[in-house]
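Here's a quick tour of the model, starting with the whole fold and then zooming in on a few residues. Keep the viewer open as you read.

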Amino acid sequence: MKVEQGMSDQVTEGIRVRVLCRYAPERSQPAQNMYFFVYTVTLSNEGTETAQLKTRHWIITDGNQRVEEVRGPGVVGETPSLQPGQSFNYTSGCMLRTQFGTMAGTYQMVRPDGTPFDATISPFVLALPHAIN
């Protein structure tokens with residue numbers, strides 16, 4: 001699987017998860033090895049059935065291969081329900097102790113009949129400009 005720098009785009013059971021990421025120097029403190037990245041997620045229902053986001057699971061790996069897992073309900077305090085053709089956007093951030101790393105994960109979704117499934121967030125690279133050739 002190819003990991004893209006700063007972006008991710010994956011469709012699972014009709015739910016497209018697209019992520020765009022950028023380094024945020026204004027929120028970073030390189031002298032303290034604190035590098036902040038902002039990412040915007042767009043969830044789009046390209047399928048024929050409604051789906052509601054219930055939980056998130058992120059796997060964040062820094063440049064030293066240290067892994068942090070983040071789990072929790074919803075995203076930015078919401079559990080959006082997407083009817084076919086609808087989209088939901090949100091922006092969040094991630095602090096790394098290295099100049100580059102990766103993020104990937106899943107959103108647990110549920111259909112109106114209670115059937116759960118995981119919408120995949122394909123891996124993407126977090127990196128300072130010019131940190132990776």
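## The fold at a glance

From one end of the sequence to the other, the protein reads β-β-β-β-β-β-β-β-β-β. That makes 10 strands and 0 helices. Bear in mind that this is a predicted model.

On overall dimensions, the radius of gyration is 15 Å, which agrees with the value near 14 Å that a compact globule of 133 residues would have. The C-alpha trace spans about 50 × 25 × 25 Å along its principal axes.

## Contacts, surface and charge

How much of the chain is tucked away? Of the 133 residues, 41% count as buried. Now take the contacts between residues at least 6 apart in sequence: 63% of them join residues at least 24 apart.

The protein's accessible surface comes to about 7,200 Å², with 47% of that belonging to carbon and sulfur atoms. As for charge, there are 11 positive and 12 negative side chains, and the centres of these two sets sit 6 Å apart.

## The E9–E10 hairpin

Towards the end of the numbering, have a look at strands E9 (residues 100-110) and E10 (residues 116-127), which run antiparallel and are joined by 10 bridges. One pairing to pick out is Thr 106, whose bridge partner in E10 is Thr 120. The hairpin has 5 residues between its strands, and Gly 114 takes a positive phi near 95° there.

## Arg 111, a buried arginine in a loop

Stay in the loop between E9 and E10, and you'll find Arg 111. Is Arg 111 buried or exposed? Its relative accessibility is 8%, so Arg 111 counts as buried, the cut-off being under 20%.

Which residues does Arg 111 touch, leaving aside its neighbours within four places in sequence? Arg 111 is in contact with Glu 13, Glu 49, Thr 50, Ala 51 and Phe 117.

## Two positive phi values outside glycine

Glu 13, one of the contacts of Arg 111, is worth a stop for its backbone. This residue lies in the loop between strand E2 (7-12) and strand E3 (15-23). Phi of Glu 13 is near 50°, a positive value in a residue other than glycine. With a relative accessibility of 51%, Glu 13 counts as exposed, whereas Arg 111 counts as buried.

Asn 33 also has a positive phi, about 55°, although it is not a glycine. You'll find Asn 33 in the loop between E3 and strand E4 (35-45). Its relative accessible area is 41%, so Asn 33 is partly exposed.

## Thr 55 and its surroundings

Last stop: Thr 55, found in strand E5 (residues 51-62). Its relative accessible area is 29%, so Thr 55 is partly exposed.

What does Thr 55 touch, not counting residues up to four places away in sequence? Its contacts are Gly 72, Pro 73, Gly 74, Thr 106, Tyr 107 and Gln 108. Among them, Thr 106 takes us back to the hairpin, where Thr 120 in E10 is its bridge partner. As for Val 76, that residue is 21 residues from Thr 55 in sequence, and the two are 11 Å apart in space, C-alpha to C-alpha.

How values were computed: Residues are numbered from 1 along each chain as its sequence is written. This is a predicted model: local features need pLDDT of at least 70, side-chain atom pairs count only at pLDDT 80 or more; totals for chains, interfaces and linings use all residues. Side-chain values use heavy atoms; hydrogens and water are left out. Helices (H or I, at least four residues) and strands (E, at least two) are DSSP runs, numbered from the N terminus. The radius of gyration is taken over C-alpha atoms; the globule rule is 2.2 Å times the number of residues to the power 0.38. Buried means under 20% relative accessible area, exposed over 50%, partly exposed in between (1.4 Å probe, protein chains only). Contact means heavy atoms within 4.5 Å. Accessible areas come from the Shrake-Rupley method with a 1.4 Å probe; for residues, only the protein chains shown count as cover. Lys and Arg count as positive and Asp and Glu as negative; His and the chain ends are not counted. The place of a charge is taken as NZ of Lys, CZ of Arg, CG of Asp or CD of Glu. Two strands pair if DSSP finds at least two bridges between them.
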